[in-house]
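This report covers cysteines, backbone outliers, nonpolar cores and internal spaces, in that order. Please read it alongside the sequence and the coordinates.

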Amino acid sequence: MGEKIGQIVDSAGNLPRDIIEKYQIREVPFYYTFDGETYLKESVQRGEADFFHIMQEHPEQVPRTAAPNIHDWLQAYDEAYIKGCRKIIVSTISHKLSSSFENAHLARKMFLSEVRDVEIKIITSSSCACGQAALEIKIAQLIQDRQLSWEELLLKIQRMITQLTTLFTVDSLFYMKAGGRIGGATAFLGKVLNIKPVCEFADGEVRPIKAIRGRKKSIIAMTEYVISRIKEGSNPLICTQNALCKDEEIFMIDYLCSALNYHSPIHSGTLGVVVGAHSGPGSLGIGFVLE
C-alpha cells in the first residue's frame, strides 16, 4: 500500500495507551457526567480508575455518557489529513448502542464536501469495550504490515467483525438497574441469590448468556465460554478489561492461558466509561477477534 493510512477510533474500546502511541491511533473521546452539568472527556480530564472510585464512593450519583459530537470527529479528520493521510479507517462502538457512528458519518459528509482527495471508511464494530479494542488493535497491525491493498484491507476487516466476541460479567446489578438495563425485581432477586450474570455483545446489543451464583463461578463460566469459542477459530487477538478488579482479571487470564496453552500477548487494561457507567466497579470483560 503506497498511501499513508490513518486510523481513528472512538474511546468506547478504551485502547491501552501504549497501543495508541505505538500505532499512532487518533482516539476521539466520549463524554461523561455525574451531575448532568459538568461533562468530562474520557481519558483526557480524568482516568478511568477515578471514574470507578467515584461510582464506588457515591452510588447515588449515576453517571451518564455522551457520544463524540460532529465537531470532535471533524477535528480528528482534519488532523489526519494534515499529517498526510489520504485514506482513513474509522471504527466506532456499535451503532445500536450510541450515536457515535452516526456523528462520525455526518462529520465525514461535511469534511468531504470541502476536501476531495481523501477517502474515509467508517466501520461499526457491532461491539464495545474489549472486543472493540481487539478489532482495532488488529486493524492497526494490518495497516502497519502494509501487505494488503486498501480494498483487501476493508474486506478483511468486515470478515473479522463476524469473528468478534465480547463478554463481560458484573459484580453488582445495581448499576445495570440504574441504567435501565434490567428491572428492579430482577436486581433485587439477583442480590438475594448472589447472581452474577455473564453477558455478550451480540449483533450490536447486550444479551445475557448465563446467570451464575457466585463471583468466581461467573468468571470461570465466562472464561470457559471464551475457551470454547477460541478453539473453533484460529490466531486470536485477545483483550481483557477490568473495573477495579485487577486480581480477578489476572486469575481469568491465567485460567485462559493454561486451558488453551496460550503464550501470545494478551492486551489488558481498565474498562472504559461507556460500558462502565452501566456495569459499575467490579465489572470484568474479555474480547477477542479471530482470523
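Cys239 counts as buried, at 1% relative accessibility. In this predicted model, Cys239 takes part in no disulfide, and the nearest cysteine sulfur, that of Cys130, is 7.1 Å away. Cys128 is likewise buried, with a relative accessible area of 2%. The cysteine sulfur closest to that of Cys128 belongs to Cys130 and is 8.6 Å away, which is too far for a bond. A disulfide would need the two sulfur atoms within 2.5 Å. The search of the whole structure accordingly gives 0 disulfides.

Two residues other than glycine have a positive phi, and both are in loops. The table gives their values.

| Residue | Phi | Loop between | Relative accessible area |
|---|---|---|---|
| Leu244 | near 60° | S11 and helix H10 (246-260) | 34% |
| Asn261 | about 55° | H10 and strand S12 (266-270) | 56% |

By these areas, Leu244 is partly exposed, whereas Asn261 is exposed.

Next come the nonpolar cores. In soluble globular proteins, nonpolar side chains tend to be buried together. The largest nonpolar core here has 28 residues, of which Leu15, Ile89 and Ile157 touch the most other members. At least two residues of this core come from each of strand S1 (5-10), helix H1 (17-23), helix H5 (129-145), helix H6 (150-161) and strand S11 (237-242). H5 gives the most, with 9 residues.

Which residues is Leu15 in contact with, leaving aside its neighbours within four places in sequence? They are Val9, Ile20, Ile25, Glu27, Ala133, Glu136 and Ile137. A second core, separate from that one, has 25 residues, including Met55, Phe168, Val170 and Tyr175.

The remaining topic is empty space, open and enclosed. The largest pocket has a volume of about 430 Å³. It is lined by 21 residues, and Lys4, Ile5, Gly6, Tyr23 and Gln24 are the closest to its centre. S1, H1, helix H3 (70-82) and H5 each supply at least two residues of the pocket lining. The largest share of that lining, 4 residues, is from S1. By class, the pocket lining comprises 10 nonpolar, 4 polar and 7 charged residues.

How many cavities of 30 Å³ or more does a search of the whole structure find? The search finds 1. About 60 Å³ of space lies in the largest cavity. Of the 13 residues lining the largest cavity, Phe168, Leu271, Val275, Leu284 and Gly285 are the closest to its centre. Phe168 is also one of the residues of the second core. Two or more lining residues of the cavity come from each of H5, strand S8 (164-169), helix H11 (273-279) and strand S13 (284-289). S8 provides the largest share of the cavity lining, 3 residues. The cavity lining has 8 nonpolar and 5 polar residues, with no charged residues, whereas the pocket lining includes 7 charged residues.

H5 recurs in several of these places. This helix gives 9 residues to the largest core, at least two to the lining of the largest pocket, and two or more to the lining of the largest cavity. S1 is among the elements that supply at least two residues of the largest core, and the largest share of the pocket lining also comes from S1.

Notes. Residues numbered from 1 in each chain as written. Predicted model: local features only at pLDDT ≥ 70, side-chain atom pairs only at ≥ 80, totals over all residues. Heavy atoms only, no water. Core = buried A, V, L, I, M, F, W, Y, C linked by side-chain atoms within 4.5 Å. Buried < 20%, exposed > 50% of the residue type's maximum accessible area, 1.4 Å probe, protein only. Contact = heavy atoms within 4.5 Å. 1 Å grid on protein atoms, 1.4 Å probe; cavity = no way out; pocket = protein on both sides within 12 Å on 5 of 7 lines; lining within 4 Å. Points joined across faces, edges and corners; volume = space filled by probe spheres on them. Nonpolar A, V, L, I, M, F, W, Y, C, P; charged D, E, K, R; others polar.
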